Amino acid sequence: MKTCAVVLAAGLGKRMKSATPKVVHNLMGKPIATYSIEAVKAVAGISKVVLVIGRHSEESLKGIFKADPMVSFAFQTSLLGTADALKSGLGGLNGEQFDYTLVMTADAPLIRGETLQGLIDRHIQGGNAVTVLSFVSKDPSSYGRIIRNPDGTIKSIIENPDATQEQRKINEVNSGIYVFSKDALPLLDKIQINEKKGEFYLTDIVSIASENGLKVEAQKMFDEDEFIGINSRAELLQALNAMKRRINRHWMDEGVTLMDENTTLICPDVSIGRDTIIYPNVIIEGKTVIGEGCVIYPNVRIVDSTIERDVVVKDSTLIENSKIDTGAAVGPFAHLRPGAAIGKKAKVGNFVEIKNSTLGYNTKASHLSYIGDAAVGDNVNIGAGTITCNYDGVNKFKTVIEDNVFIGSDSQLVAPVTIGKGAFVGAGSTITQDVPDNALAISRVRQRAILDWVKAKFTTDKHK
Ligand code: UD1
Ligand code: CA
């Protein structure tokens, strides 16, 4: 049994009112179309996926999927509707014959691989020529309605603009997902243009197949969220909310505590260990991995980062492409920029920015610092207001701070520079030369007091 999939994505998506093709819009960190492609690829036995692209979506979709060996592209020359799009897709099979063709729109990102699998199984078991996935919708207005015969079999699909008032009351709708046996596909040529829209509707194949004595079935599903089709910005938000809820429920089932389901946004490729606690207003993006027993306080965003177990991320912290080792604490108001690696039990405190730098075990930068392009050893104390001066306007230079160093507050370390093991930098120093191990380096002007200077300068009563 050979099965292929055709995913329809040639349209621009006018209702989005956007210069970006609809299925390229971002949903939880990924283009909408990637979700259908991932779901299709999770179905056993699908050996080829054809993505139908058009002149609006060609460039961006090719950019996204060209590296995927399972995906090939078919170009739909003019946007003549979903039936024409499928024809273009079949053209992309280069004459290769398949027993079954799974067809779906690229704008329904919540679909699960197992649901597609179930639909194909049902199609094969039922000996169907066409199987349509339908679902019950609370607001069916943006979907085609499923019209059934008195005996309950499916008769046709009617799009909203073509439906009568009575038909519009039907809440069983078309998901835009179908399985076709190869004997049903020639019927595509019998579809007439819909005069109102000037398009060939794939949905018309249902009535045509029935009229031609082929077996058509609609498999009815009840979890509406899984079939949300995105046509507008409002539906994009609806899909986002449904996906957010699905993901949040999953992590709660896995033993993660969420304090606010609505404002916690965990993207699909994130993983979180049990007994981690997430406060409200937290966004976790990309391929972030969070270990067990962490606490993520409010207003934190974490992107593509790895956080080991028992880490505390305090309020209003941004973490991008960084690593945080076990038991460390970061924040509040900290910024870990790409390439920050925070050691075990290290502490990064208020208003500290770290970029492309490693901090060793138990090292602390607790207040108001910039650490860029630095290798900082173990048990180092970086005083408040310490700045690595890593950039001379043209090039970036490295700062090395070895183990057990103490950097006094408000110091500048002008890179390239190395502070040797156990050295001590006096507060307020500007360090421009390497500091030997265990030395004290101090570069500030010695303090002096000019006695009665104020009295001599001012003659007002206030100063007398
Ligand atoms: C379609 C179905 C509707 C169903 C809904 C489910 C038809 C006529 N209607 O309506 O019954 O309830 O999906 O979400 O099929 N596309 C092309 N080329 C075209 C036209 C569309 O590739 O010429 C692609 C689009 O990029 C999109 C998909 O097909 O990914 C569906 O098109 P869309 O315009 O969103 O159809 P709906 O009006 O939502
Ligand atoms: Ca749609």
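## A walk through two domains, two pockets and a calcium site

Start by selecting Asn194, which at 12% relative accessibility counts as buried (buried is under 20% relative accessible area, exposed over 50%, partly exposed in between, with a 1.4 Å probe and protein chains only). This is a predicted model, where local features need pLDDT of at least 70, side-chain atom pairs count only at pLDDT 80 or more, and totals for chains, interfaces and linings use all residues. Residues are numbered from 1 along each chain as its sequence is written, chains are lettered from A and ligands numbered from 1 in the order in which they are written, and side-chain values use heavy atoms, with hydrogens and water left out.

Asn194 belongs to strand 11 (residues 193-194); helices (H or I, at least four residues) and strands (E, at least two) are DSSP runs, numbered from the N terminus. Now show what touches Asn194: setting aside residues up to four places away in sequence, you will find Asp162, Glu199 and Tyr201, where contact means heavy atoms within 4.5 Å.

**The largest pocket**

Keep Glu199 selected and add Arg15, Lys22, Thr82 and Lys197: of the 42 residues lining the largest pocket, these five lie nearest its centre. The search runs on a 1 Å grid over the protein atoms alone: a cavity is a set of points where a 1.4 Å probe fits but cannot get out, while a pocket is an open set with protein on both sides within 12 Å along at least five of seven lines, and lining residues have an atom within 4 Å of a point. Helix 3 (82-91) and strand 10 (172-181) are the elements that give two or more residues to this lining, and strand 10 has the largest share, with 4 residues. The volume is about 1300 Å³, taken as the space filled by probe spheres set on the points, with grid points joined across faces, edges and corners.

Colour the lining by class and you get 15 nonpolar, 19 polar and 8 charged residues (Ala, Val, Leu, Ile, Met, Phe, Trp, Tyr, Cys and Pro count as nonpolar, Asp, Glu, Lys and Arg as charged, and the others, Gly among them, as polar).

**A stop at Phe135**

Next, pick Phe135 in strand 7 (residues 130-136). At 0% relative accessibility, Phe135 is buried. Beyond four places in sequence, its contacts include Tyr143, Glu172, Met221 and Phe227.

**Two domains and the second largest pocket**

Colour domain 1 (3-227) and domain 2 (233-441) separately; these bounds come from an automatic or database domain assignment. Their C-alpha centres lie 45 Å apart, and the contact takes 16 residues from domain 1 and 15 from domain 2.

The second largest pocket holds about 410 Å³ of space. Select Tyr35, Ile111, Arg112, Arg246 and Pro268, the closest to its centre among 18 lining residues. Each domain contributes at least three residues to this lining, and helix 7 (233-253) gives the largest share, 5 residues. By class, the lining has 11 nonpolar, 2 polar and 5 charged residues.

**The calcium ion**

Finish at ligand 2, the calcium ion, coordinated by Asp107 (OD) and Asn231 (OD1) at 2.3 to 2.5 Å. Donors are N, O and S atoms within 2.8 Å of the metal (3.2 Å for Na, K and Ca), and water is not among the atoms, so sites may look incomplete. Asp107 sits in the loop between strand 6 (100-105) and helix 4, and Asn231 in the loop between strand 13 (216-221) and helix 7, so the pair ties together parts that are 124 residues apart in sequence. Asp107 is buried, with a relative accessible area of 12%, and Asn231 is buried at 9% relative accessibility.
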